[in-house]
Structure formats: structure tokens, C-alpha cells
Amino acid sequence: MSLLPAETFYYQFGNQPRVKEPRGRRETYLCYKLKLLDETLDQGCFKNQKRSHAEICFIEKISSLDLDRTQRYKITCYITWSPCPRCAEKLVAFIDDYPHLSLQVFASRLYFHWCWPHQCGLQLLWKSNIPVLAMTEPEFTDCWENFVDNQGMQFELWEKLKQYSDAAKRRLQKILRINTTYQFSEQSSGGIQYLNSLVDAVRNVTLGAHHAHH
């Protein structure tokens, strides 16, 4: 697997809503880990191509592995931008075709989160048991340690990382309360508590093994 240069990681995965001195467009990068139990079987990184988004490249890669359908696999994705509506539909169809796979996505930034089609895409993913969560310090650290040519250096937090992550989480919670299943609706008692507990459960499962080694 080709590791990301550190400079590319900090620029592309930075969760700042805006960058002061743009060095070109911030693109979609997707890093994934495929695990069976606690063993990592495959991992890699894709970026948007001229004719295929990173999510489509990822789907094609996993589909080509011919995984044993009697086993249960877990895939964790770190992505710079949350999936667009079309890619959200493709990811849902992919998991429908491969029910022995469990997929969870951590996004650095929410892509066009104010647009209704993109909100619907995020809702569709959640309702299809593909949680999309905002990346926080543990996810950025894990991404840095596994997908970046870090030269043995530790991950350095940028200014306001937590503030930007918290803002993304609030936006995501708001999106998931709009015309979604009853457990996310504002009318449902305990809706937000349910979402928060689900978010915590997903995050703990994803990072449990990582924390055990640090």
C-alpha cells in the first residue's frame, strides 16, 4: 500500500471548514481497513479519479477480494468528505449485496451538508446500518499511524480540531433528526440520547483494539 505524504494528510484530512491559503482543491481521499475478528486482512487508500469517486474505487476493490460469505468482516473507512448522494446509494447497494460485511464511515468534513439531497444520502446510510460519524482525535491519530508516511513522528493536532469535530457532530445530529426513522425524530423521546449512545457504541467498537495497543 502506498502511504500518504504527511503534508497531504494534514491538508486533505484537516477538518477546518476553510483553509486560509488554498493549495488546490481539497479532494476526497478514502482510507479503509478490512478486518476479520482482530486481524487486519487488507487496507488501502483511494482518491477521487476522473471517472470514479473514491467510494466507487473502494467498492470495486472489496468486491474483487472474493471474501468468504460464511465469515463476518468489518470495514472501517476514514474519508475526507462525506459521501455524495450517488455514492451513498452505491454503498448501500454494496452492503445489501454483501450482507456479511459491516461498514462504518468516519468523515473529516461533511460534504454540502446544507443541501437536501446530501442530507438524504446521509440519512439513507444510517437507516441502512452504515453509520457515518465525524472524525475526532482518535480517528485522525489512527489514520495517521496506519495510512501516512509519518517517519515515526506522532500525530500533531491542529488548532481547533476538537471544535471543528464537535461542530460536524452537531450538524450530523441535526441532519439525522430530519424526516428520518422514528428513533432520530425530534418528536421521539430520547431520540438524541439514542443517537449519542449509538455513536459511542460504534466508536468504541472501532477503536477498542487500537486503544489496547497505546
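Select strand 4, residues 73-81, together with strand 5, residues 101-109. Eight bridges join strand 4 to strand 5, and the two run parallel. This is a predicted model, and every value on this tour is computed from it. To find one point along the pairing, pick Y78, which stands opposite F106 in strand 5.

Now colour the two strands by burial. In strand 4, eight of the nine residues are buried. Strand 5 is mostly covered too, with eight of its nine residues buried.

**Across to strand 2**

Keep strand 4 selected and add strand 2, residues 29-36. Seven bridges hold strand 2 and strand 4 together, and here the direction is antiparallel. Two pairs are useful markers. C31 has Y78 as its bridge partner in strand 4, and K33 has T76. Y78 therefore serves as a stop on two pairings, because DSSP bridges join strand 4 to strand 2 as well as to strand 5.

How many of the eight residues of strand 2 are buried? The count is seven, so strand 2 is largely enclosed by the rest of the structure.

**The hairpin**

Next add strand 3, residues 39-47. Strand 2 and strand 3 run antiparallel, joined by eight bridges. Return to C31 and look towards strand 3: the residue opposite is C45. Follow the chain from strand 2 into strand 3 and you pass through a hairpin with two residues between the strands. Stop at L37 in that turn, which has a positive phi of about 55°.

While the strands are on screen, show their side chains. In a regular strand the side chains alternate between the two faces of the sheet.

**A charge over a ring**

Select W81 and R109 and display them as sticks. R109 lies over the face of W81, 4.1 Å from the ring centre. W81 belongs to the residue range of strand 4, and R109 to that of strand 5.

**The aromatic cluster**

Clear the view and show the aromatic side chains. The protein has 18 aromatic pairs. One of them is formed by Y10 and W158, an edge-to-face pair at 6.2 Å centre to centre with 85° between the planes. Where do the two residues sit in the chain? Y10 is in helix 1 (residues 6-13), while W158 is in the loop between strand 7 (148-149) and helix 6 (161-176), so the DSSP elements place this pair in distant parts of the chain, 148 residues apart.

Compare the cover on each residue. Y10 has 26% relative accessibility and counts as partly exposed. W158 has 12%, so W158 counts as buried. Add F155 beside W158: the ring centres are 5.6 Å apart and the planes stand at 85°, so this pair is edge-to-face. F155 is buried, as is W158.

Then select F9, Y10, F13, F140, W144, F155 and W158 as a group; they form one aromatic cluster.

**Along helix 6**

Move on to helix 6, which has 16 residues. At 1.5 Å a residue the helix should span 22 Å, and the end C-alpha atoms are 23 Å apart, which agrees. Highlight L161, S165, A167, A168, L172, I175 and L176, the buried residues in helix 6.

Centre the view on S165. Is this residue buried or exposed? S165 is buried, at a relative accessible area of 2%. Leaving aside neighbours within four places in sequence, S165 is in contact with N15, A134, M135, T136 and F140. F140 is also a member of the aromatic cluster. Draw a distance from S165 to Q16 as well: they are 149 residues apart in sequence, but 8.9 Å apart in space, C-alpha to C-alpha.

**The whole chain**

Finally, zoom out and show the full cartoon. There are seven helices and seven strands. From the N terminus on, the elements run β-α-β-β-α-β-α-β-α-β-α-β-α-α. Of the 214 residues, 46% count as buried. Switch on the surface: the accessible area comes to about 11,700 Å², and 49% of that belongs to carbon and sulfur atoms. For contacts between residues at least 6 apart in sequence, 74% join residues at least 24 apart.

Conventions:
Residues numbered from 1 in each chain as written. Predicted model: local features only at pLDDT ≥ 70, side-chain atom pairs only at ≥ 80, totals over all residues. Heavy atoms only, no water. Buried < 20%, exposed > 50% of the residue type's maximum accessible area, 1.4 Å probe, protein only. Helix = DSSP H or I, 4+ residues; strand = E, 2+ residues; numbered from the N terminus. Contact = heavy atoms within 4.5 Å. Areas by Shrake-Rupley, 256 points an atom, 1.4 Å probe, with all protein chains shown as cover. Phe/Tyr/Trp six-rings, centres within 6.5 Å; stacked < 30°, edge-to-face > 60°. Lys NZ or Arg CZ within 6 Å of the ring centre and 35° of its normal. Expected span 1.5 Å × (residues − 1).
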